[in-house]
Every structure is written in structure tokens, then in C-alpha cells.
Amino acid sequence: MSNVFFDGKNTIPDDRPQIFVDQAGYLPGSRKTAVLTFPSDMFSIVDENGEKHFEGAVSHYGMDACSGDDVYTADFSAFNRSGSYRIKAGGMTSALFRIGKGVYNKLFRDTTKAFYYLRCGCALDEKYAGEYAHEACHTSEATIFGTEEKLDVSGGWHDAGDYGRYVTAGACACAQLLYAYKLFPKAFDELDLNIPESGSGIPDILSEIKYELEWLLKMQRADGSVYHKATTMRHAPFIMPEDDKEPLYVFPVSSMATADVCAVCALAAGIYRPFDKAFSDRLAKAAKLSYKWLEENPDFLGFWNPRGCDTGLYAETNDVDNRYWAAAEMFTLTGDKRYSADFVKMYNEGFERDDYVRVALGYSVIGGLGSLAYILCEREGRENSIASALKEQFSNEAYWLRDKSKNSGYGASMEDWDYYWGSNMVLMQHAMKFILAAMFTGNNEFYGYIEEQLHVLLGRNPLGISYVTGTGEYRCRSPHYRPSEADGIEESIPGLVIGGPNRNLDDPYAASLIPRNTPPMKCFVDHKDCYSLNEVTIYWNSPTVFVLAFLSGYGSNE
Ligand code: 9MR
Ligand code: 9MR
Ligand code: ZN
């Protein structure tokens with residue numbers, strides 16, 4: 001099938017149906033709406049044979065600020081029968097969608113399996129990768145930048161559409177996946193990813209995360225500090241990873257990388273202990289070593305690319321949030337009160353100017369993971385008043401996001417300025433925040449907003465596009481992901497979460513295609529050269545996996 005999104009000029013065709021649905025589907029007991037951009041009195045739901053199953057009235061929502069659309073809502077919450085359907089109204093027919101308990105199962109597996117396809121340093125065997133199999137890549141030793149020294153840093157996941165491997169990004173993605181497992185372990189019990197480690201007795205998700213953790217450990221120096229990234233000097237052209245033979249470098253240490261590795265190793269040490277004591281011990285030892293370095297090096301050590309290097313920066317302006325997270329995880333792991341004291345001090349003094357840091361879930365601002373760790377920590381000496389205050393902050397955040405969602409014709413908990421590079425990460429992190437707030441407060445109201453965000457990701461948006469490869473009739477097909485161009489296979493690997501609309505149009509091709517005054521939610525085209533819209537990353541997939549892990553349990557309770 002030809003690329004339905006493209007007419008050769010890389011624009012989304014105007015004749016797509018203006019009835020927007022979640023193209024993965026809806027859970028039976030949940031609120032279910034489609035969005036229309038034209039008036040109609042009634043809508044109907046038909047099955048694949050055209051047989052009508054439901055009829056309802058369309059209501060007028062009004063102007064939606066982030067899309068510039070005058071929108072209408074078709075609410076079919078009352079219709080719960082499992083099956084595959086389309087919505088019809090005003091002579092238009094929507095994309096196919098399903099209703100059922102398992103509607104997100106494939107998506108959950110795809111978005112989790114995606115990490116396997118991003119593995120670096122090993123061959124992807126046909127048995128596990130099918131047609132996407134390829135040879136081992138980036139296996140040569142790296143030069144420690146500025147020295148003659150060589151280091152084996154093979155392994156880990158490619159970050160994104162490029163082949164770089166970046167520590168803070170990797171730690172963030174691992175941590176979000178680890179928390180998904182820690183909070184919703186049952187969701188992963190039956191999740192067979194068909195990876196080389198499947199059947200080993202360890203949940204597949206933990207085997208996959210271990211692949212990245214092993215790499216993070218290689219990036220740690222003997223003194224506990226951690227190199228910021230391992231990349232070539234410049235981004236490769238659109239070739240397969242095994243054809244990228246440019247010399248690899250390990251770039252200087254940063255305090256963010258060190259603190260994030262400390263935190264994620266401490267978190268992981270607790271989670272792997274029942275499955276793999278030796279690995280858990282290694283992680284705990286590494287975490288302690290990095291913490292010691294942080295104590296001895298209290299000043300911020302940021303990162304900037306040395307001359308001649310143009311790969312990802314992941315620069316940050318301070319590291320208090322990273323250290324705050326590390327202290328919380330170290331306290332949870334060891335119960336040692338000195339870590340708790342550090343945490344409390346940073347809680348009190350660290351974020352004077354910006355409270356928001358305490359609920360931010362990464363990759364860049366990551367204090368929220370520290371707060372989460374402290375809230376969940378059962379160690380003696382944890383200050384309950386602080387844990388309660390943090391829960392309340394998550395709850396306040398969720399109320400604020402709820403109001404944003406209500407103020408959106410598409411149900412997105414987003415405002416204009418949320419649509420920056422990687423806006424789908426923002427969307428999925430908002431869904432994570434609804435989950436956390438619901439768990440911490442027991443306020444059931446938040447549950448509904450979790451799915452609302454997922455619906456936006458999966459097609460109930462002003463472009464009617466599913467932002468996950470492999471899901472939906474109208475889906476992204478041309479990600480800025482080097483193998484999907486270079487492998488000659490028409491369809492990209494499934495389960496990659498696309499960055500999404502970005503009103504700043506940060507790459508030249510997007511800026512040339514999209515007029516400057518375009519409403520934020522429409523600042524998107526499905527073209528491989530638009531890397532500020534259309535790339536993929538591990539930390540856009542990880543919050544999505546978290547959300548889907550939650551919903552798989554939620555759905556099965558129905
Ligand atoms: O492919 C790169 C992508 O992963 C990055 O997000 C992006 C911004 O750093 O850069 C992309 O690489 C481009 C490079 O920066 C400039 N030449 C064109 C490359 C894309 O083909
Ligand atoms: O995801 C990052 C985004 O928040 C930044 O605005 C952007 C520009 O600095 O960089 C993004 O990260 C890219 C990284 O630098 C290299 N690998 C691909 C990442 C996603 O585009
Ligand atoms: Zn590689």
C-alpha cells in the first residue's frame with residue numbers, strides 16, 4: 001500500500017476523514033469520544049460489514065485553541081460491545097478502531113519490544129527481529145576523547161533516529177521502565193517479547209532493561225564518575241548501524257550523568273535482587289561509588305560538545321534534581337539516614353525558584369523520579385510530612401492538567417507552549433502524572449484523563465494521525481530513524497513513538513514546509529527529514545510503556 005499520508009509534497013492529504021478516533025481503540029467501560037471538525041446532527045457506529053450498531057447526537061464543543069479547529073464531539077461511551085468499527089457522520093467515515101479489553105495489548109508489546117530493535121553492539125537475529133534482522137554494530141573500542149586511551153563501551157540502546165548512546169537519556173528511559181515494572185509487575189508477567197533472553201525465568205522487560213544497564217555500567221569510571229555519551233564525532237548518514245564505521249568516542253564526564261547512573265543503579269539493584277543477586281550487587285556497588293563521587297564533587301559539572309562534535313548534547317543547566325533523585329534512590333536501597341538527610345536538604349533548599357522540578361519526570365528535569373522514590377520508600381526515618389507534601393504536589397499538578405484537558409477540544413492536557421520538540425513525551429508524561437496522582441490520592445476522577453491522553457497520541461488529534469508506528473490505518477510511516485530508510489523495508493519497525501507536533505519547527509525542512517502561524521497541534525508532517533517532528537527516542541517510548549502497563553491492569557479489572 002502506498003503511503004497514505006503523502007501526496008509527494010510531504011503534506012497530509014486534505015481529503016482524510018475529518019472524524020478523529022483513537023485508532024488502537026477504546027476500553028469497554030471507559031469514556032469514548034471521537035472528534036469531528038464539521039457540524040452534524042447525528043453520528044452512527046458501523047461494523048466492518050457496514051451494519052449499524054449505535055447512533056448518537058453530535059455535540060458542539062467550540063473553538064479549540066491549540067488546533068484552531070471548531071470541533072464537535074461524538075460521545076459513544078454508552079456503547080460497549082467488543083468489535084471493530086468505524087464512525088459515520090455527514091457523509092464521512094472514520095478510520096477503523098476497536099472496542100475491547102485487549103485493544104492496547106499489541107501496542108503495549110510493540111512499544112516495549114521496540115527497545116530490543118534499538119540494541120547496539122549485537123546482531124539482531126531473524127528469530128527475534130524477523131525482517132529487521134541486522135549485523136552487530138558499533139563494536140569497536142571507543143577513544144576517550146582528548147586521550148589515546150581506548151575503552152569497550154559496546155552495548156546499550158541507540159538513543160533515537162541517530163546511533164548515539166547518551167547516559168542521561170538512557171538512565172531516564174530505564175528508570176521509567178523500571179518504575180512501570182515496580183508499580184505494575186503483573187502487566188509484565190505474561191509479556192513475552194521474543195528476545196534472546198525470553199524463557200530465562202526473568203521477566204522479559206527486566207532482561208531488556210538489563211541490556212542498557214550493562215552499558216551504563218561500562219560508562220562508569222573507576223572513581224565513580226560517568227562519561228556523558230558514546231558517539232561518533234558527527235551523525236551518520238542514513239545507513240544501517242553496522243555500516244557506520246566512523247570512530248567512536250567517549251565524551252567527558254558530567255555530574256548529571258553520574259547522578260542519574262547512581263539513581264538508576266540503586267533503583268535497579270532493588271528490583272533485580274530477587275532474580276539475579278550477583279547483578280543486583282554489582283548495581284548497588286556502582287551506585288555507591290557514584291554517590292561517593294557526587295559527595296566529593298559537589299559542584300555542577302555540565303556538558304558541552306567539544307569542537308568538531310555535533311551529536312546530541314543533553315546539556316542541562318544544573319544538577320540538583322539529578323542529585324535529589326540519586327539521594328532518594330540511595331536511601332531506598334540502603335536505608336542509610338545520611339542519604340535521607342541529603343534528600344531532605346535538597347527538598348527544602350534545592351528548588352527555591354521552581355517547584356515544578358519536584359514533579360518533573362525527565363529526561364532533562366528529573367526531580368519527579370526522586371519524589372516518586374521517596375513517596376514509595378518504606379524505610380524507617382522517611383519523613384512522612386515530606387512524602388505527604390510530595391503526594392499533594394502530584395495531586396495539584398494533576399488538577400492543573402485535568403483543567404487543561406477539559407479546555408481542549410481534543411482532550412489533550414496541553415497548552416500552546418507544551419508543543420515543543422518531543423511533545424508526545426509531554427503528553428505521555430502527563431498521563432503518567434494522572435496515574436501517579438490517582439494512586440497517591442485515590443481520586444478516581446484522574447483515571448479518565450489517562451486514556452484521554454492516549455487517545456490523542458493514537459489519532460484523536462487534528463491531523464487524525466496515529467503517532468506510533470505500526471498502529472492505525474492513518475499512522476506515521478516515515479520516522480527520522482536511520483534503519484527505516486536504509487533497510488529498504490517499506491514499513492518501519494512497529495511500536496516507535498514519534499516526537500510529534502512542534503510549533504518551534506526546529507529543523508530546516510519542517511520550517512520550509514510548515515507556515516509559521518500554523519496552530520501548534522498541526523505543526524507536524526510525516527517526513528523522515530523533519531527530525532524535530534518525526535524522530536523517535538527511547539525516552540518517548542518509555543513513558544508510553546508505563547501508561548500502557550498501567551492500562552493493561554486497569555483494563556483487565558473491568
Ligand atoms: O539525525 C540527527 C537527529 O538524531 C538529531 O536529533 C538532529 C539534531 O541534533 O540531528 C540529526 O542529524 C542531522 C544533523 O544534525 C545535520 N545534518 C542532517 C542530519 C539529519 O539527516
Ligand atoms: O529530545 C531532545 C529535545 O528535547 C531537544 O530539544 C533536542 C535539541 O537539543 O534534542 C533532542 O534530543 C535528540 C538528541 O540530541 C540526539 N538524539 C535524538 C534526540 C531526539 O531528537
Ligand atoms: Zn550500534
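The questions and answers below concern a zinc site, a cysteine and a surface patch in a predicted model.

Q: Which protein atoms are the donors of the zinc ion (ligand 3)?
A: The donor residues of the zinc ion (ligand 3) follow the spacing C-x16-C-H-x19-H in sequence. Their donor atoms lie 2.0 to 2.3 Å from the ion, and they are Cys120 (SG), Cys137 (SG), His138 (ND1) and His158 (NE2).

Q: What is the geometry of the site of the zinc ion (ligand 3)?
A: Four donors count as tetrahedral if all angles lie between 85 and 135 degrees. The angles among the four donor atoms of the zinc ion (ligand 3) are 100 to 115°, and the site is accordingly tetrahedral.

Q: Where in the chain do cysteine 120 and cysteine 137 lie, and how many residues apart are they?
A: Both cysteine 120 and cysteine 137 are buried. Cysteine 120 belongs to the loop between α1 (105-117) and α2 (126-129), whereas cysteine 137 belongs to the loop between α2 and β9 (142-144), and the pair, which links distant parts of the chain, is 17 residues apart.

Q: Is cysteine 309 buried or exposed?
A: Cysteine 309 sits in the loop between α7 (277-296) and α8 (320-334). Leaving aside neighbours within four places in sequence, cysteine 309 is in contact with Lys229, Thr232, Met233 and Phe251. Because its relative accessible area is 9% and the cut-off is under 20%, cysteine 309 is buried.

Q: Which residues make the nonpolar surface patch of about 270 Å²?
A: Tyrosine 420, in the loop between α11 (384-406) and α12 (423-441), is partly exposed, with a relative accessible area of 33%. The patch that includes this tyrosine is made by Tyr420, Trp421 and Tyr531.

How values were computed. Residues are numbered from 1 along each chain as its sequence is written. Chains are lettered from A and ligands numbered from 1 in the order in which they are written. This is a predicted model: local features need pLDDT of at least 70, side-chain atom pairs count only at pLDDT 80 or more; totals for chains, interfaces and linings use all residues. Side-chain values use heavy atoms; hydrogens and water are left out. Patches are made of residues with over 30% relative accessible area and no salt bridge: like charges are joined within 9 Å, nonpolar side chains (Val, Leu, Ile, Met, Phe, Trp, Tyr) within 5 Å. Accessible areas come from the Shrake-Rupley method with a 1.4 Å probe; for residues, only the protein chains shown count as cover. A salt bridge is a side-chain nitrogen of Lys or Arg within 4 Å of a carboxyl oxygen of Asp or Glu. Helices (H or I, at least four residues) and strands (E, at least two) are DSSP runs, numbered from the N terminus. Buried means under 20% relative accessible area, exposed over 50%, partly exposed in between (1.4 Å probe, protein chains only). Contact means heavy atoms within 4.5 Å. Donors are N, O and S atoms within 2.8 Å of the metal (3.2 Å for Na, K and Ca); water is not among the atoms, so sites may look incomplete. Four donors count as tetrahedral if all angles lie between 85 and 135 degrees; four count as square planar and six as octahedral if opposite donors are over 155 degrees apart and all others between 65 and 115; anything else is irregular.
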